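The exercises below ask you to work from the sequence and the structure together, and each is followed by a worked solution.

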Amino acid sequence: EQLPLFVFGTLRRGQCNHRLLEGRYRRHVPATLQGFARRHPLMIVPRRDGVVDGELYFLRGDTYRQTLADCD
């Protein structure tokens, strides 16, 4: 199943690792992840009242698996 990819750190537009997503998604939208909070700039942890701002990417089907592997 191909699900959208939520990003909150260096994969966001304008950040250093966004190049791993360039040309590999159909669209993106601003998004928030409820129930989590940032612990460090690149780490989130569950927290009932937390919210993490990010972006939701709808990846292209033909590069979906490779994109996830590259972003991992």
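**Exercise 1.** In this predicted model, decide whether Asp70 is buried, partly exposed or exposed, and find the parts of the chain that its salt bridge with Arg24 ties together.

*Solution.* Begin with Asp70, whose relative accessibility is 29%; since buried means under 20% and exposed over 50%, Asp70 counts as partly exposed. Arg24, at 22% relative accessibility, is likewise classed as partly exposed. Next, look at the pair itself, in which the closest N and O atoms of Arg24 and Asp70 are 2.7 Å apart. Arg24 lies in the loop between S1 and S2 while Asp70 belongs to helix H1, so this salt bridge ties together parts that are 46 residues apart in sequence.

**Exercise 2.** Find the salt-bridge partner of Glu55, and work out which residues are joined with Glu55 into one network.

*Solution.* The structure holds five salt bridges, and in one of them Glu55 pairs with Arg13, with 3.5 Å between the closest N and O atoms. Glu55 is in strand S3 and Arg13 in the loop between S1 and strand S2, so parts 42 residues apart in sequence are tied together. Glu55 is buried at 5% relative accessible area, whereas Arg13 is partly exposed at 46%. Through shared partners, salt bridges join Arg12, Arg13 and Glu55 into one network.

**Exercise 3.** Identify which elements give two or more residues to the largest nonpolar core.

*Solution.* This core has nine residues, among them Leu5, Leu21, Leu59 and Tyr64. The elements that give two or more residues to it are strand S1, strand S3 and helix H1. Leu59 can then be followed outward, for its contacts include Leu5, Leu21 and Tyr64.

How values were computed:
Residues are numbered from 1 along each chain as its sequence is written. This is a predicted model: local features need pLDDT of at least 70, side-chain atom pairs count only at pLDDT 80 or more; totals for chains, interfaces and linings use all residues. Side-chain values use heavy atoms; hydrogens and water are left out. A nonpolar core is a set of buried Ala, Val, Leu, Ile, Met, Phe, Trp, Tyr and Cys residues joined through side-chain atoms within 4.5 Å. Buried means under 20% relative accessible area, exposed over 50%, partly exposed in between (1.4 Å probe, protein chains only). Helices (H or I, at least four residues) and strands (E, at least two) are DSSP runs, numbered from the N terminus. Contact means heavy atoms within 4.5 Å. A salt bridge is a side-chain nitrogen of Lys or Arg within 4 Å of a carboxyl oxygen of Asp or Glu. Lists of a residue's contacts leave out its neighbours within four places in sequence.
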